[in-house]
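Notebook open, coffee ready. I'm looking up how a pair of helices pack, and then what the cysteines are up to.

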Amino acid sequence: MSIKDASKKRPTIRDVAKVADVSVATVSRFLNGKTQKMSDQTAERIRVAIKKMNYVPNSAAREMARNSSRIIAVLAANIADYFSVEIYRGISSRVEEAGYISVLLNSGSSLTHERQLLHSINQHGFDGLVFQPLTSDTEQVAGELTRDFPVVVVDRDLPRSTWPKVVTDNYEAARSTTEYFADQGFQRVVVLTSTIELASTRIQRFQGISQAASTIETIEIDENNFQPDIVYETLKKALSRPGKCLLFALKERWLLEFLPRLMKEHVIDEARTAVTGFADTALIGSICPYAKVVSQNPFLMGQRAGEILLQMLKGEKNIPEESVIKAQFKH
């Protein structure tokens with residue numbers, strides 16, 4: 001492209017209207033899809049004029065006119081987890097069918113960064129938000145997210161929140177899984193988890209395990225100060241104690257992190273160590289053939305969250321307060 005061409009004035013909606021021999025209002029209606037009362041000949045003239053002039057609509061102006069950006073924010077807890085990515089994929093599959101664009105934002109397991117992102121969401125023209133919070137503190141979240149627009153919470157239970165939520169049956173899945181292994185003599189449980197008190201999902205899972213286990217040893221990982229070697233040595237010591245033991249990870253990421261080394265160094269074996277956890281891929285079975293995991297469906301959870309958000313955007317009533325997508329224990 002020559003300097004002369006590059007310096008040409010960008011065509012405007014008025015230029016398109018002039019070439020198509022219609023009013024600016026008619027072009028505007030065409031751009032916004034309001035062609036019901038427009039003849040096919042008029043619509044075709046506008047289409048040809050747009051193509052001929054390489055006209056690109058001013059999206060900001062269109063947003064102001066219809067008070068909508070057609071953009072959905074998805075704030076994930078940590079995209080290092082396959083679970084969060086699958087939730088996003090599920091959401092996108094639904095909202096994009098309805099003509100919206102989804103934007104993925106990542107808290108990265110940092111409450112400070114989450115607050116920064118919520119502040120940014122307050123300032124920008126997103127039409128709605130699907131949110132996987134790091135905390136179960138409803139007041140804290142509500143204090144940060146001050147915009148009055150449709151919000152759906154996914155994978156978390158925020159007590160006393162007015163926002164609809166999509167969750168898994170965490171307590172029941174953890175309890176029944178622990179009971180299954182207890183019946184086979186694995187009464188002692190080593191729970192491997194991120195900080196429990198920060199997330200309702202982990203609280204519910206731990207409560208379910210506690211209901212069914214005789215003895216629990218908990219190894220909590222601070223994701224903001226993750227020291228894998230220290231965690232591994234603590235885990236190795238716990239698993240090496242006498243007697244049959246169940247390793248129960250509350251998140252797949254920690255099984256993927258530590259199982260290969262545990263297997264390689266023969267810290268665990270099928271006779272005295274059972275392995276389970278909440279997992280969303282087939283990778284755990286590839287690493288440890290005798291592992292039996294609790295499988296969630298984050299993609300379906302994301303789809304449901306997207307569907308609810310679209311209902312809210314349409315102004316529909318009777319939105320369910322809670323939608324439960326049940327987990328499955330594969331044994």
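I checked the handedness, and H6 and H14 cross in a right-handed way (the near helix is turned clockwise from the far one by less than a right angle; anticlockwise would be left-handed). This is a predicted model, where local features need pLDDT of at least 70, side-chain atom pairs count only at pLDDT 80 or more, and totals for chains, interfaces and linings use all residues. Residues are numbered from 1 along each chain as its sequence is written, and side-chain values use heavy atoms, leaving out hydrogens and water.

Next I looked up the geometry. The axes of H6 (residues 82–95) and H14 (residues 298–313) come within 6 Å and cross at roughly 40°. That makes H6 oblique to H14 (under 35 degrees is roughly parallel, over 145 roughly antiparallel, 65 to 115 roughly perpendicular, and the rest oblique).

Then I listed who touches whom, with contact meaning heavy atoms within 4.5 Å. On the H6 side I found Phe 83, Ile 87 and Ile 91 among others, and H14 brings residues including Phe 299, Met 301 and Leu 310. The residues of this contact split into nine nonpolar, five polar and four charged.

Last job: how many disulfides are there? I got zero, using cysteine sulfur atoms within 2.5 Å as the rule. Why no bond for Cys 245? Its sulfur is 13 Å from the closest cysteine sulfur, in Cys 288, so that's too far. Cys 245 is buried at 0% relative accessible area, and Cys 288 is buried at 0% as well (buried is under 20%, exposed over 50%, partly exposed in between, with a 1.4 Å probe and protein chains only).

Terms used
Axes are lines fitted to C-alpha atoms, for helices over the stretch in contact, and angles run from 0 to 180 degrees between N-to-C directions. Helices (H or I, at least four residues) and strands (E, at least two) are DSSP runs, numbered from the N terminus. Ala, Val, Leu, Ile, Met, Phe, Trp, Tyr, Cys and Pro count as nonpolar, Asp, Glu, Lys and Arg as charged, and the others, Gly among them, as polar.
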